[in-house]
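Trainee: Got a minute to go through this one with me? I'd like to start with a single residue and work outward.

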Amino acid sequence: MEIVKFYNGKEMPKIGLGLFRVENSDECKSAVKHAIENGYRSIDTAKVYGNEEMVGQGIKEALESTGLKREELFITSKLWLEDYGRNNVEDAYENSIQRLGLDYLDLYLMHWPGTNEAVMIDTWQGMEDLYKQNKVKNIGVSNFTPEHFEALLAQVSIKPVINQVEFHPYLTQNELRKYLEAQSIIMESWSPLMNGEILKDDTVNEIAKEIRQSPAQVIIRWNIQHKVVVIPKSVTPSRIEDNLNVFNFELTKEQMERIDQLNKDKRIGPHPLEFNEK
């Protein structure tokens with residue numbers, strides 16, 4: 001598994017299993033277990049997904065079946081808006097790791113910036129507290145824009161290692177990618193396959209035929225070649241395996257440019273400057 005390195009020297013796999021909209025069920029447990037047994041080392045969940053218990057069960061069963069050690073995995077969860085505020089962060093974190101059946105997380109993210117700058121900064125200070133106490137290995141954010149970062153970085157002591165955002169060929173986030181690169185902050189994409197919508201795109205399918213890979217593999221590879229960590233979601237065993245099988249080919253510069261040109265600034269999720277749902 002190829003990795004990216006954070007500015008703090010710690011590492012993360014370039015591909016993980018995303019679990020947004022996966023119910024807290026045996027299907028979730030089986031997907032996590034199957035992913036780890038077939039080479040995944042990174043699993044991404046969140047409090048608001050409501051599936052941390054079964055994610056944890058899948059991790060536990062996979063560790064037993066593979067003989068892997070916990071420290072060989074990279075587990076991410078996220079702080080939801082109802083738990084924002086410096087004094088609430090530690091309890092929310094402890095509740096997440098308890099549901100997961102783990103002693104620590106490798107990455108804990110603020111799930112959205114929210115619309116109150118003071119609360120955003122106060123909450124990040126709670127994330128810093130966790131990190132300084134060595135309770136979590138890395139801290140980052142999700143759905144932050146350059147404007148959010150400017151407000152945050154002016155007032156905090158620890159920079160986020162990563163920003164998990166909506167990113168796909170219809171929303172290429174050029175300005176944000178340049179900003180994050182300048183700040184040495186890794187970018188990660190959620191819903192990289194647009195809930196399947198992008199897999200129907202004619203250009204993506206043409207390129208898939210040219211290189212004899214699936215449309216999903218083309219998109220995942222496109223993410224990787226843009227230096228973006230990618231967490232495609234699937235509960236189907238064959239797709240889970242296929243989504244990881246992207247390190248034995250490369251897209252040409254011309255193919256990358258054809259995909260880049262699909263940008264429409266189209267979102268399937270809320271705009272980060274407006275979202276504050278609890």
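Mentor: Sure. Keep in mind that this is a predicted model. Let's start at Ser-189, which sits in strand β9, residues 186-190.

Trainee: Is Ser-189 buried or exposed?

Mentor: Buried: the relative accessible area of Ser-189 is 0%, and the cut-off for buried is under 20%.

Trainee: Okay, so which side chain does Ser-189 make a polar contact with?

Mentor: That's Asn-223, with the two side chains joined at 2.8 Å.

Trainee: And what else is Ser-189 in contact with, leaving aside neighbours within four places in sequence?

Mentor: Besides Asn-223, there's Val-165, Phe-167, Val-228, Val-229, Val-230 and Ile-231.

Trainee: Switching topic: which residues touch the most other members of the largest nonpolar core?

Mentor: Ile-59, Leu-105, Tyr-108 and Met-110, out of 78 residues in that core. Helix α8, residues 215-225, gives the largest share of this core, with six residues. Apart from it there's another core of ten residues, including Met-12 and Ile-186.

Trainee: Back to Leu-105, what does it touch?

Mentor: Not counting residues up to four places away in sequence, Leu-105 touches Arg-70, Ile-75, Ser-77, Tyr-93, Ile-97, Leu-100, Lys-135, Val-136 and Lys-137.

Trainee: Last one, helices. How do α2 and α3 cross?

Mentor: The axes of α2 (residues 52-66) and α3 (residues 86-100) come within 7 Å and cross at roughly 50°, so α2 is oblique to α3.

Trainee: Which residues meet there?

Mentor: From α2, Glu-52, Glu-53, Val-55 and Gly-56; from α3, Ser-96, Arg-99 and Leu-100. By class, that contact has two nonpolar, two polar and three charged residues.

Key
Residues are numbered from 1 along each chain as its sequence is written. This is a predicted model: local features need pLDDT of at least 70, side-chain atom pairs count only at pLDDT 80 or more; totals for chains, interfaces and linings use all residues. Side-chain values use heavy atoms; hydrogens and water are left out. Helices (H or I, at least four residues) and strands (E, at least two) are DSSP runs, numbered from the N terminus. Buried means under 20% relative accessible area, exposed over 50%, partly exposed in between (1.4 Å probe, protein chains only). A polar contact is a pair of N or O atoms within 3.5 Å; within protein, one must be able to donate a hydrogen and the other to accept it, and residues adjacent in sequence count only if both atoms are side-chain atoms. Contact means heavy atoms within 4.5 Å. A nonpolar core is a set of buried Ala, Val, Leu, Ile, Met, Phe, Trp, Tyr and Cys residues joined through side-chain atoms within 4.5 Å. Axes are lines fitted to C-alpha atoms, for helices over the stretch in contact, and angles run from 0 to 180 degrees between N-to-C directions. Angles under 35 degrees count as roughly parallel, over 145 as roughly antiparallel, 65 to 115 as roughly perpendicular and the rest as oblique. Ala, Val, Leu, Ile, Met, Phe, Trp, Tyr, Cys and Pro count as nonpolar, Asp, Glu, Lys and Arg as charged, and the others, Gly among them, as polar.
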